Amino acid sequence: SSFPLAGADACSMAPKSKAQTKEPTKKSGKLPAASGPGRPPRLAAPENSETVTWHVFAWATLAAAVSAWVVAKAQAWWRTPKDFPHILEIDRLNFDGPESLRTFFDDYHGKRPVVIEGALDGWPAMQWSSARLAELCPSARLDVYSFNRAASAWAGLQEEGEWSLVDYLGQFGDQGGKLKQGRAVFGLEMSLRSECPRLLQDVRIPAFFADDLLVRYYKKSAWPTLIAGPKGTRSGLHRDTHDLAFWMAVFVGRKRWRIFLPEDYALDPLFLPDRNGFAFDPFAPDLWSLPGLRRARVYEHILSPGQLLYIPSGAPHAAVNLDDTITISANYLDTRGLDLHIGRTCQQDLWRESKLCWFHTADFQNHKPTPTDELSELTFFEYAGASGAASWCEAFLPELRGRSEKRPELGRCVDTVSEYCATKA
């Protein structure tokens, strides 16, 4: 048997001598060794009292040390901040101020975020609603994404396909833009010019961002684009493509923003270069596991309808929709930010081979910047270098047709733009 003592009974034991079965004698006063069936084994002599006392003391000391360690860790965890210790309110700049442009370029451009108030007051887009967009854009489609912190995608946004804009906006409110699986989805980067050019006449390009190199030389640029999302949808912490500066105008709903400065070194150990993002949640930072983040300084603001947000180049940022929201946004590059683009962004492995880092460099460097005093708000068509909608159509429609020959999926957009342009001829 593999277990020789298993199931053994008294008959299997070795026989004992008669001496082992004697009763104790008065002379010796000692018990003989136990033997025979039914007799208990002889107990070992107890350790002396000093040994027992030392063992008890050792175990008590160990238990006390472990308890003290647990208590210290619990107290340290309890004292750990549940949010960033340094949360800063984003400055606000009055658009109507006489020196607003100069203040913007002197104090904020390329340095820190700012909320600009009053810039959208005259925009027809301030009258947008989900119903109005559905009416104006019956054939438009947009890509939708769900947030997944574990996803390897940019900003933690996992692709969930393409939706009709009408269907997507129709599920705002109680339904909240849900997939069948119940996850809320975020509608991002719908090109106004290709998907619904009728919206272009409702928006303006703020004077702060009017001298944009991309719209003049990088013809693939489709900004500004529509971003719409139901309450609760969000993005993870990220930098934008090519670390470009960013602006957003809000027409419906509120968005909570958190923004870090580009040079905040507390974030560097958590940077994910393959996706231009970061390995932590800026809205629920784990400062116990990531104590280095306690040194970070984060800017926060709840962006409301009528407000315009500027985020400088390379600034990590994330947003969560507190309501159903409708916004437009754009990345841009101007001559004031060109040295940073060439000297910092285009030296990164992620962007070094990008066409935006070498093909257009000569055009960018030869561009004559518009003096600050001459900058003004533009219509989209002026921004695109046209005198109006008709001349924009004459330039853009042939370009779109040419691109659709290589990308047949753009054929649907050609029909949409052709229909719009027919009304402007």
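Is arginine 234 buried or exposed, and what is its relative accessible area? Arginine 234 is buried, at a relative accessible area of 12%, where buried stands for under 20%, exposed for over 50% and partly exposed for the range in between (1.4 Å probe, protein chains only).

The model is predicted, so that local features need pLDDT of at least 70 and side-chain atom pairs count only at pLDDT 80 or more, while totals for chains, interfaces and linings use all residues. Residues are numbered from 1 along each chain as its sequence is written, and side-chain values use heavy atoms, with hydrogens and water left out.

**Exercise 1.** Find the salt-bridge partner of arginine 234 and place both residues in the fold.

Solution. A salt bridge requires a side-chain nitrogen of Lys or Arg within 4 Å of a carboxyl oxygen of Asp or Glu. Arginine 234 meets this with aspartate 281, their closest N and O atoms being 3.0 Å apart. Arginine 234 sits in the loop between β8 (225–229) and β9 (245–252), and aspartate 281 in the loop between β12 (277–278) and β13 (297–303), so the pair ties together parts 47 residues apart in sequence; strands are DSSP runs (E, at least two residues), numbered from the N terminus. Aspartate 281 is buried, at 10% relative accessibility.

**Exercise 2.** Describe the pairing of glutamate 300 with arginine 258.

Solution. The closest N and O atoms of this salt bridge are 2.9 Å apart. Glutamate 300 belongs to strand β13 and arginine 258 to strand β10 (residues 255–260), so the pair ties together parts 42 residues apart in sequence. Both glutamate 300 and arginine 258 are buried, and a network of salt bridges links them with Asp83 and Arg256.

Conventions: Helix = DSSP H or I, 4+ residues; strand = E, 2+ residues; numbered from the N terminus.
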